[in-house]
Amino acid sequence: MMHADEVDAATVAAVRAFGRFYTRQIGLLEEGLHRSAFSLTEARVLYELAHRDGLTASVLGRDLGLDAGYLSRLLKRFEERGLVTRRIAAADGRRQVLALTPEGQAAFAPLDAASRAEVEALLARLPATGRTALADAMARVRRLLGDPSEGLEAVVTLRDLRPGDIGRITHRQGVLYARDYGFDLTFEALVAEILAGFVRDFDPGRAGAWIAEQGAEVMGSVFLVPASENVGKLRLLYVEPAARGQGLGRRLTASCIEGARARGYRQLTLWTNDVLGAARRIYAEAGFRLVESAPHRSFGQDLIGETWMLDL
């Protein structure tokens, strides 16, 4: 039996198949990138030098994951061709800063234009919605694989509910709770019922929604609904796996609490289950107190349901 953290052969094969497909799509198998005299690695080095000031060979090699000896030989060839210069850094005489010469800029320009034209041709085959979906999927891949620059480019913001969110959030919660806790289809059905009721009965003076978005992708959400005249209820807090560990769950919870205060509620309540350890820690840190717990059989699992309360 395979353990949960083991990588199955089918997933490995799927990733390798995608790699083969995408390299064909953008021409990486050609001898010279974009029908030029430059290899993929050479073109990437030129790109970095064209877009970043003050680069040293050590930083360039580190960021591109290149062997120091290989990079040194590549840069030497560029210098011999008059494409790259080195100068002593003004602030540190021990550092040599790399830069493209005018000839280097001229050599890079057609590469950049050809790359842009090839991607434009690729995207032109898709409708506008397909282009957006492709860009979102690529951003998600970068986040999942830990690209640090992707996080800087797309800050997580909180926004109101929009068309499409209900279906997306229902789907993601159904998938994630099945994967992480073994919940069956009745949980997804419950989420759908809650969200349908939220939209049907929505009163901005009594209810609210906070949708966490990075780029154009939903990364989490939380909802506020009335439980009684003076008590609000926090519902359906969740955070996408790619955004966990960054304080987003706490941020969503804090926004819901402030939203409840702004709407005049005196207390905020929520119902959760004991297996949701990360969420329970967030609630406790936010000042909620556990007021009731009871075992129950729901979503195909034996659980302990918990009611938490916060005085506002």
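**Exercise 1.** Determine whether L236 is buried or exposed.

*Solution.* L236 has a relative accessibility of 15%. Buried means under 20% relative accessible area, exposed over 50%, and partly exposed in between (1.4 Å probe, protein chains only). L236 therefore counts as buried. The residue belongs to strand 6 (residues 231–239); strands (E, at least two residues) and helices (H or I, at least four) are DSSP runs, numbered from the N terminus.

The model is predicted: local features need pLDDT of at least 70, side-chain atom pairs count only at pLDDT 80 or more, and totals for chains, interfaces and linings use all residues. Residues are numbered from 1 along each chain as its sequence is written, and side-chain values use heavy atoms, with hydrogens and water left out.

**Exercise 2.** State the phi of L236 and of F299, and locate F299.

*Solution.* Most residues other than glycine have a negative phi. L236, however, has a positive phi near 60°. F299 also has a positive phi, near 60°. F299 lies in the loop between strand 8 (289–298) and strand 9 (301–311), and is buried, with a relative accessible area of 10%.

**Exercise 3.** Compare the expected span of helix 9 with its end C-alpha distance, and describe its buried side.

*Solution.* The expected span is 1.5 Å times one less than the number of residues. For the 16 residues of helix 9 (residues 185–200) this gives 22 Å, which agrees with the 23 Å between its end C-alpha atoms. Its buried residues are F187, V191, I194, L195, G197 and F198. They cover an arc of only 160° around the axis, so they lie on the same side of helix 9. The face turned away from that side carries the exposed residues L185, E193 and R200.

Notes: Arc of directions from axis to C-beta.
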